[in-house]
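This briefing goes through one protein chain, beginning with a single residue and then widening to the helices and the chain as a whole. Please keep the sequence and the structure in view while reading.

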Amino acid sequence: MAAARCWESADEAYNRYHDEEWGRPVTDERGLYERLCLEGFQSGLSWLTILRKRESFRAAFAGFDPERVAEFNEADVERLLADAGIVRHRGKIEAAIANARATLALREERPLPELVWA
């Protein structure tokens with residue numbers, strides 16, 4: 001018997017997301033940072049648009065490793081603005097970099113997972 005879905009989609013990526021991720025807690029720093037970034041990029045767009053670009057986002061943002069993204073500079077912003085595989089919005093790109101830096105800063109007092117799940 002197949003699992004019941006809250007919604008059905010012709011897009012396999014959407015179904016896989018529902019079956020494997022939706023409604024399941026994310027408790028690790030990298031996973032939370034990725035979700036925060038993707039939600040930010042999704043603003044004003046369909047979640048399916050983001051799911052279809054997710055692997056490109058992961059490649060462009062160093063696997064959403066906060067330590068690596070925190071080191072991004074203006075050359076990286078320009079590189080990302082030229083990457084057709086992701087949503088090319090300067091404000092959203094700069095926010096993802098700023099959030100990586102904030103994630104690292106949080107480690108000193110209250111790490112991101114602890115803050116989110118408090």
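Asn-15 is buried, since its relative accessible area is 4% and the cut-off for a buried residue is under 20%. The model is a predicted one, and the values below are computed from it. Asn-15 is found in helix H1, and, when neighbours within four places in sequence are left aside, Asn-15 is in contact with Arg-5, Glu-8 and Ser-9.

**The chain as a whole**

- The protein chain contains 7 helices and 0 strands, and its pattern along the sequence reads α-α-α-α-α-α-α.
- Taken along the principal axes, the C-alpha atoms of the protein chain fill a box of roughly 50 × 35 × 20 Å.
- Of the 118 residues in the protein chain, 36% are buried, while the chain exposes about 7,000 Å², of which carbon and sulfur atoms supply 51%.
- Among contacts in the protein chain with a separation of 6 or more, 55% join residues that are 24 or more positions apart.

**Helix H1 against helix H3**

- Two packed helices are described by the angle between their axes and the distance between the axes.
- The axes of helix H1 (residues 12-20) and helix H3 (residues 47-60) come within 9 Å of each other and cross at roughly 95°.
- H1 and H3 are therefore roughly perpendicular to each other, because an angle of 65 to 115 degrees counts as roughly perpendicular.
- On the H1 side the contact is made by Ala-13, Tyr-14 and Tyr-17, and on the H3 side by Trp-47, Leu-48, Leu-51 and Arg-54.
- Sorted by character, the residues of this contact between H1 and H3 comprise 6 nonpolar, no polar and 1 charged.

**The loop between H1 and H2**

- Glu-21 lies in the loop between H1 and H2, and with a relative accessibility of 24% Glu-21 counts as partly exposed.
- Leaving aside neighbours within four places in sequence, Glu-21 is in contact with three arginines, namely Arg-16, Arg-35 and Arg-54.
- Glu-21 and Glu-8 are 13 residues apart in sequence, and their C-alpha atoms are 15 Å apart in space.

**Helix H2**

- The 14 residues of helix H2 (residues 29-42) should span 20 Å at 1.5 Å a residue, and the end C-alpha atoms of H2 are 20 Å apart, which agrees with that expectation.
- The buried residues of H2 are Glu-29, Gly-31, Leu-32, Tyr-33, Glu-34, Cys-37, Leu-38, Phe-41 and Gln-42.
- These buried residues of H2 pack against H3, helix H4 (66-69), helix H6 (90-106) and helix H7 (112-116).
- H2 is followed by Gly-44, which has a positive phi near 85°.

**Positive phi in the loop between H3 and H4**

- Most residues other than glycine have a negative phi.
- Ala-62, which lies in the loop between H3 and H4, has a positive phi near 50° although this residue is not a glycine.
- Ala-62 is also buried, because its relative accessible area is 14%.
- Phe-64 lies in the loop between H3 and H4, and Phe-64 has a positive phi of about 60° while not being a glycine.
- With a relative accessible area of 0%, Phe-64 is buried.

Conventions
Residues numbered from 1 in each chain as written. Predicted model: local features only at pLDDT ≥ 70, side-chain atom pairs only at ≥ 80, totals over all residues. Heavy atoms only, no water. Axes fitted to C-alpha atoms, helices over the stretch in contact; angles between N-to-C directions. Helix = DSSP H or I, 4+ residues; strand = E, 2+ residues; numbered from the N terminus. Parallel < 35°, antiparallel > 145°, perpendicular 65-115°, else oblique. Contact = heavy atoms within 4.5 Å. Nonpolar A, V, L, I, M, F, W, Y, C, P; charged D, E, K, R; others polar. Expected span 1.5 Å × (residues − 1). Buried < 20%, exposed > 50% of the residue type's maximum accessible area, 1.4 Å probe, protein only. Areas by Shrake-Rupley, 256 points an atom, 1.4 Å probe, with all protein chains shown as cover.
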